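Me: I have a model open and would like to talk through how its helices pack and what sits in between. Can you take my questions as they come?

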Amino acid sequence: GDAATRAVVSEQLADVADALAKASGDAFPDVKREVAAVVQSLCGAASAELHRHLAPLVAATVANTGHQHSKVRSAALKALQELLPCASEQLGKLMAEHALPALRRMARDRTASVRRDRLAVLRQLATRVADPAPYLDALVLGLLAGLADEAPDIQAAALAQIEDLGAALGLTEGEREAAAAADAAA
């Protein structure tokens, strides 16, 4: 039955998560990208059970956000976007020790497409993690940093993500203007 299938999946998930965490350290960039894709799929298929096995996956994925190849860094960002919403009781530690420091560092990534992907991840995390309130300031600050990016298209992407987040949070245009004015006065 369904319960038996879930039990088998849950039983094997620790081994799968461990294997993926180890494989993400492979020397070949293509392997790292494929592992990130598998992690994304796993999050979609087993998000309810995955929360107990996230720490090694998040740590390994964050390590790849510093890889020399931009495609590996982007793939790691997209995997983080899927992994972190699966977290429950570990979310605070994973955000503070792994995700937020990596996302701050990546604001200065040398590749514009990675910086754009970073903005999308910040926006998604602001509404997809279980309780975003403790991280909302850091996530919004990360989006605001995009407004100061050297590339005009990244600035535009940051503004679009900020507007999208405002709409997702239910802020009206007037409330957003008032909040921006209050922030400017502070």
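Me: Which cysteine sulfur is closest to the sulfur of Cys 86, and how far away is it?
Reply: This is a predicted model, and in it the closest cysteine sulfur to that of Cys 86 belongs to Cys 43, at 4.0 Å, which is too far for a bond. A disulfide would need the two sulfur atoms within 2.5 Å, and the structure holds zero disulfides.

Me: Are those two cysteines buried or exposed?
Reply: Cys 43 counts as buried because its relative accessibility is 4%, and Cys 86 counts as buried at 8%. The cut-off that matters for both is that buried means under 20% relative accessible area.

Me: Cys 43 is in a helix contact, I think. Which residues make the contact of helix 2 with helix 4?
Reply: To set the geometry out beforehand, helix 2 and helix 4 pack at an angle of about 5 degrees, and their axes are 9 Å apart. The two helices are therefore roughly parallel to each other, given that angles under 35 degrees count as such. From helix 2 the contact takes Pro 29, Lys 32, Arg 33, Ala 36, Val 39, Gln 40, Cys 43 and Leu 50, while helix 4 contributes Lys 71, Val 72, Ala 75, Ala 76, Lys 78, Ala 79, Glu 82 and Leu 83.

Me: And by class, how many are nonpolar, polar and charged?
Reply: In the contact of helix 2 with helix 4 there are 10 nonpolar residues, one polar residue and five charged residues.

Me: Now the other partner: what are the angle and the axis distance for helix 4 and helix 6?
Reply: Helix 4 (residues 70–83) and helix 6 (residues 112–128) have axes 9 Å apart and pack at an angle of about 5 degrees. That makes helix 4 roughly parallel to helix 6. On the helix 4 side the contact is made by Ser 70, Arg 73, Ser 74, Leu 77, Lys 78, Leu 80, Gln 81 and Glu 82, and on the helix 6 side by Ser 113, Val 114, Asp 117, Arg 118, Ala 120, Val 121, Gln 124, Leu 125 and Arg 128. By class, the residues of this contact of helix 4 with helix 6 divide into six nonpolar, five polar and six charged.

Me: Ser 74 caught my eye there. What does it touch?
Reply: Not counting residues up to four places away in sequence, Ser 74 touches Ser 113, Val 114 and Asp 117. Ser 74 itself lies in helix 4 and is buried, with a relative accessible area of 8%.

Me: Staying with helix 6, which of its residues are buried, and what covers them?
Reply: The buried residues of helix 6 are Val 114, Arg 115, Asp 117, Arg 118, Leu 119, Val 121, Leu 122, Arg 123, Leu 125 and Ala 126. What covers them includes helix 4, helix 5 (91–105), helix 7 (133–146) and helix 8.

Me: How does the length of helix 8 fit with its residue count?
Reply: The 17 residues of helix 8 (residues 152–168) should span 24 Å at 1.5 Å a residue, and the end C-alpha atoms are 24 Å apart, which agrees. Within helix 8, the buried residues are Ile 154, Ala 157, Ala 158, Gln 161, Leu 165 and Gly 166. After helix 8 comes Gly 170, with a positive phi near 85 degrees.

Me: Switching to loops, where is His 67 and what touches it?
Reply: His 67 is in the loop between helix 3 (54–63) and helix 4, and it counts as buried at 13% relative accessibility. Setting aside residues up to four places away in sequence, His 67 touches Pro 29, Lys 32, Val 72, Arg 73 and Arg 110.

Me: Lys 32 again. Which residues does Ser 24 touch?
Reply: With residues up to four places away in sequence not counted, Ser 24 touches Lys 32, Val 35, Ala 60 and Asn 64. Ser 24 sits in the loop between helix 1 (2–23) and helix 2 (29–50), and at 5% relative accessibility it counts as buried.

Me: Last one: where is Ala 102?
Reply: Ala 102 is in helix 5, and it is buried, with a relative accessible area of 3%. Leaving aside neighbours within four places in sequence, Ala 102 is in contact with Val 62 and Thr 65.

Definitions and conventions:
Residues are numbered from 1 along each chain as its sequence is written. This is a predicted model: local features need pLDDT of at least 70, side-chain atom pairs count only at pLDDT 80 or more; totals for chains, interfaces and linings use all residues. Side-chain values use heavy atoms; hydrogens and water are left out. Helices (H or I, at least four residues) and strands (E, at least two) are DSSP runs, numbered from the N terminus. The expected span of a helix is 1.5 Å times one less than its number of residues. Buried means under 20% relative accessible area, exposed over 50%, partly exposed in between (1.4 Å probe, protein chains only). Contact means heavy atoms within 4.5 Å. Axes are lines fitted to C-alpha atoms, for helices over the stretch in contact, and angles run from 0 to 180 degrees between N-to-C directions. Angles under 35 degrees count as roughly parallel, over 145 as roughly antiparallel, 65 to 115 as roughly perpendicular and the rest as oblique. Ala, Val, Leu, Ile, Met, Phe, Trp, Tyr, Cys and Pro count as nonpolar, Asp, Glu, Lys and Arg as charged, and the others, Gly among them, as polar.
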